[in-house]
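Trainee: Hi! Could we go through this one together?
Mentor: Sure, have a look first and then ask away.

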Amino acid sequence: MIIDIDAGNTRVKWQLLGDDGRKIAQAASSEPEASILTAIVEIIDLKPQCADRTVERVRIASVQEASKLANFIASIEDCWKVSVESASSLAVSCGITNSYSVPHTMGVDRWSAIIAAANLINAPASGSSFCVVDAGSAMTLDFVAG
């Protein structure tokens with residue numbers, strides 16, 4: 001199974017995917033991370049499709065402060081004995097060039113949305129321009145030129 005976590009400024013959203021990639025469960029919470037991990041463990045224990053399966057991957061995208069994120073990742077790794085895969089904003093990824101002079105300063109939530117949108121419309125191959133609206137704690141508009 002795979003757990004995807006989006007740790008934002010005000011809420012943590014997560015989903016649990018089965019071996020076939022289908023969503024088993026999802027939730028969002030503004031509770032402390034320890035409570036969220038407990039909730040995920042409880043859901044895994046209750047879902048029949050999770051019986052005899054293990055969490056093989058945990059992927060996280062976070063805009064949280066580095067020390068807070070490090071503590072959260074350590075708790076996850078301790079809980080499921082996996083190395084957490086952490087998304088980061090890069091200078092170039094999947095044919096898309098980040099316009100920030102210091103690429104990692106673009107929120108990973110925005111960068112991930114740009115990469116996902118580009119993939120959905122095959123932007124690198126087609127040369128399409130597009131706009132991504134991210135409505136989290138703040139609303140941002142990212143325009144990507146073809």
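Trainee: Along strand β8, which side chains are buried and which are not?
Mentor: Keep in mind that this is a predicted model. In β8, residues 130–135, the side chains alternate. Phe130, Val132 and Asp134 point to one face and are buried, while Cys131, Val133 and Ala135 point to the other face and are not.

Trainee: OK, and which strand is β8 joined to?
Mentor: Strand β9, residues 139–144, with 6 bridges between the two. They run antiparallel and form a hairpin, with 3 residues between them.

Trainee: What stands opposite Ala135 there?
Mentor: That's Met139 in β9.

Trainee: New topic: in what order do the strands of the open sheet come?
Mentor: The order is β3-β2-β1-β4-β5, so 5 strands with mixed pairing. β3 (23–29) and β5 (85–86) stand at the edges. Each has a single partner strand, so one side of each is left without a neighbour in the sheet.

Trainee: How many bridges pair β1 with β2?
Mentor: There are 6, in the antiparallel sense. As an example from that pair, Asp4 stands opposite Gln15 in β2.

Trainee: And which strands does α1 lie across?
Mentor: β1, β2 and β3, and α1 runs at about 20° to β2. Helix α2, residues 66–80, also packs on the sheet and touches β1, β4 and β5. The direction of α2 makes about 170° with that of β4.

Trainee: Last one: where is Thr38?
Mentor: Thr38 is in helix α1, residues 33–46. Its relative accessible area is 43%, so Thr38 counts as partly exposed.

Methods
Residues numbered from 1 in each chain as written. Predicted model: local features only at pLDDT ≥ 70, side-chain atom pairs only at ≥ 80, totals over all residues. Heavy atoms only, no water. Helix = DSSP H or I, 4+ residues; strand = E, 2+ residues; numbered from the N terminus. Buried < 20%, exposed > 50% of the residue type's maximum accessible area, 1.4 Å probe, protein only. Pairing = 2+ DSSP bridges. Contact = heavy atoms within 4.5 Å. Axes fitted to C-alpha atoms, helices over the stretch in contact; angles between N-to-C directions.
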